[in-house]
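Student: I've got a structure to go through and could use a second pair of eyes. Can we take it piece by piece?

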Amino acid sequence: MSEKPAKLPDHQRVYRKLREMILFGELAPGQPVTIQGLVQVLDVGMTPVREAIRRLTSEGALIFKGNRRVSVPQPDMAQWDEIAFARLSIEPELARLAAKNIGQAELERLVKYDDMLNAAIDRGDVRGYLEHNYRFHAYLYDLADSEVLSSIANMLWLRAGPSLRVVLGRYGTANLPDKHAEALEALRSGDADRVAGAVRGDIEQGIAQVRETLMTEKI
């Protein structure tokens, strides 16, 4: 008989859940949330919520607002340009490294994530798009086997994800382009440089969408 997977400690489970709420747009940039409100939503005690908030604040994903409230930061254009520069410096290199480590099983898993992403686009599911887009990139970067670069990329996604959620919430998923098919084809052929280029192009498209919105209105 196989053993059941060990249950995560409350503080780790709460951290993961709150992190996903930020990544996938359940907490909008600038939206104040009380610590007590998070305790109720997550159905846990105060201590693991405080610990999760502490970790996410140190990662730049949350900021304290006073009166026991926190919120997701609202990047201005200068901050978004910094996020863009960092992502375009780190993530294509992770993709290049990953291309050297990928096998058939890993490729099939990436295809599955991309199929779920495309299905989310077709049905106008913004939350589903964000989740499967993140899963695709996060798994690809994990294959790079680069702890330092991957940790930086994860932090950057926490900064970038909520803003993209706002943009998609306003304009929907219709005609939403991505470069995943190109990246997958390059992975099949073992062309690491082309994989890196496809990921760069994919990131640039998302960055352009947010930048256009920042130029016309505040996120």
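**Helices, sheet and pockets**

Student: How do the axes of α6 and α9 cross, left-handed or right-handed?

Tutor: Bear in mind that this is a predicted model. Helix α6 covers residues 126-142 and helix α9 covers residues 192-216, and their axes come within 13 Å, crossing at roughly 145°. As for the hand of the α6 and α9 crossing, it is left-handed.

Student: Which residues in α9 does α6 meet?

Tutor: Start on the α6 side, where N133, H137, L140 and Y141 make the contact. By class, the contact of α6 with α9 has four nonpolar, two polar and one charged residues. Across from the α6 group, the α9 residues are V199, D202 and I203.

Student: On to the sheet. In what order do the three strands come?

Tutor: Work from the pairings. Strand β2 (residues 63-66) is joined to strand β3 (residues 69-71) by three bridges, antiparallel, while β1 and β3 pair over two bridges, also in the antiparallel sense. The edge strands are β1 (33-34) and β2, each pairing on one side only. That gives an open sheet in the order β1-β3-β2.

Student: What is the bridge partner of T34 in β3?

Tutor: The β1 and β3 pairing is antiparallel, with two bridges. On the β2 side of the sheet, F64 stands opposite V70 in β3. For T34, the partner in β3 is R69.

Student: And which residue takes a positive phi in the hairpin of β2 and β3?

Tutor: Look at the turn: the hairpin has two residues between the strands. One of them has a phi near 55°, and that residue is N67.

Student: Now the empty space. Which residues lie nearest the centre of the largest pocket?

Tutor: The largest pocket holds about 430 Å³ of space, and 22 residues line it. Elements giving two or more residues to that lining are α1 (10-23), α5 (104-122), α6 and α7 (147-171). Nearest the centre of the largest pocket are R19, Y134, R135, A138 and N154.

Student: How many residues in the lining of the largest pocket are charged?

Tutor: Split that lining by class. There are 10 nonpolar and four polar residues. The charged ones number eight.

Student: Which element gives the largest share of the lining of the second largest pocket?

Tutor: This pocket has a volume of about 250 Å³, and its lining is made of 18 residues, with G60, P75, Q79, I83 and R159 nearest the centre. Two elements, α4 (77-99) and α7, give two or more residues to the lining of the second largest pocket. The largest share, six residues, comes from α7.

Student: How many nonpolar residues does the lining of the second largest pocket have?

Tutor: Take the other classes out of the way: four residues are polar and two are charged. The nonpolar count in the lining of the second largest pocket is 12.

Notes. Residues numbered from 1 in each chain as written. Predicted model: local features only at pLDDT ≥ 70, side-chain atom pairs only at ≥ 80, totals over all residues. Heavy atoms only, no water. Pairing = 2+ DSSP bridges. Helix = DSSP H or I, 4+ residues; strand = E, 2+ residues; numbered from the N terminus. Axes fitted to C-alpha atoms, helices over the stretch in contact; angles between N-to-C directions. Left-handed = near helix turned anticlockwise from the far one by under 90°. Contact = heavy atoms within 4.5 Å. Nonpolar A, V, L, I, M, F, W, Y, C, P; charged D, E, K, R; others polar. 1 Å grid on protein atoms, 1.4 Å probe; cavity = no way out; pocket = protein on both sides within 12 Å on 5 of 7 lines; lining within 4 Å. Points joined across faces, edges and corners; volume = space filled by probe spheres on them.
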